[in-house]
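This briefing goes through the confidence of the model, its main nonpolar core and one of the helices that build it. Please keep the sequence and the structure at hand while reading.

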Amino acid sequence: MPAGGSHETAASGGKAPHAISDELLDDLTPEQLAAQWEEEKPPAAGALANAASSLVVLAVGIAAAALSITMGLGTPDKPQPGLWPFVISTVMVALGLFQLIAGRHNRDAEKFTRMSTAPLTGLVTLAAMVSLMPLIGFELPALVLCIIWMRFLGGETWRSTLVVSAAVVISFYAIFVLALNTSVPHLF
């Protein structure tokens with residue numbers, strides 16, 4: 001089957017080019033599949049985008065290192081709370097510098113698209129859940145978090161989103177409140 005077989009199927013009234021069935025994927029050779037992935041991937045990021053992302057990692061690493069120093073480092077045999085965050089932030093700084101210097105020529109990086117905001121959305125919703133838990137318990141924030149992550153970030157159907165989200169919250173309630181009797185804030 002030629003690499004453009006999905007386009008022929010769409011032209012004859014079959015499935016859309018982006019909705020390839022599993023049977024069609026099974027018939028593709030590795031070379032055809034690689035060509036299809038190459039065709040569908042987002043555009044490559046330029047040198048400016050690579051430098052900007054490196055500078056962000058570098059800034060976060062430097063800020064984390066400064067904060068960890070204020071917490072106290074201690075010594076390896078008597079560590080204080082800032083030691084391991086300092087080690088990790090030092091690695092971040094090193095990786096940010098390496099990416100800034102050597103990553104300029106990287107052509108595998110993808111251009112920022114609408115889906116590039118998904119990790120930020122995940123982080124913001126997780127922070128919202130953590131801040132709401134002491135006020136209203138974990139059940140409602142966890143349910144909303146699961147719904148947002150599954151439906152809007154994961155693209156799941158409403159049916160599976162609601163079923164799995166409810167199952168996750170019920171399971172967590174059963175484990176942490178009923179079985180383990182932890183002090184996690186809860187409504188019920």
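Among the elements of the chain, helix 1 (residues 5-11) has the lowest mean pLDDT, 42, and helix 8 the highest, 96, where pLDDT is the predictor's confidence in each residue, from 0 to 100, and helices (H or I, at least four residues) are DSSP runs numbered from the N terminus. This is a predicted model, in which local features need pLDDT of at least 70 and side-chain atom pairs count only at pLDDT 80 or more, while totals for chains, interfaces and linings use all residues. Residues are numbered from 1 along each chain as its sequence is written, and side-chain values use heavy atoms, with hydrogens and water left out.

**Confidence**
- The chain has a mean pLDDT of 83, and 84% of its residues reach 70 or more.
- Over residues 1-19 pLDDT stays under 50, and for this stretch the model has 18 contacts (heavy atoms within 4.5 Å) beyond four places in sequence.

**Nonpolar core**
- The largest nonpolar core has eight residues, namely Met129, Met133, Phe138, Ala142, Leu145, Val169, Tyr173 and Val177.
- Such a core is a set of buried Ala, Val, Leu, Ile, Met, Phe, Trp, Tyr and Cys residues joined through side-chain atoms within 4.5 Å, buried meaning under 20% relative accessible area (1.4 Å probe, protein chains only).
- Helix 6 (118-136), helix 7 (139-153) and helix 8 (158-179) each give two or more residues to this core, and the largest share, three residues, comes from helix 8.

**Helix 6**
- The buried residues of helix 6 are Ala118, Gly122, Thr125, Met129 and Met133, and what covers them includes helix 7.
- Just after helix 6, Gly137 takes a positive phi of about 85°.

Notes
Buried means under 20% relative accessible area, exposed over 50%, partly exposed in between (1.4 Å probe, protein chains only).
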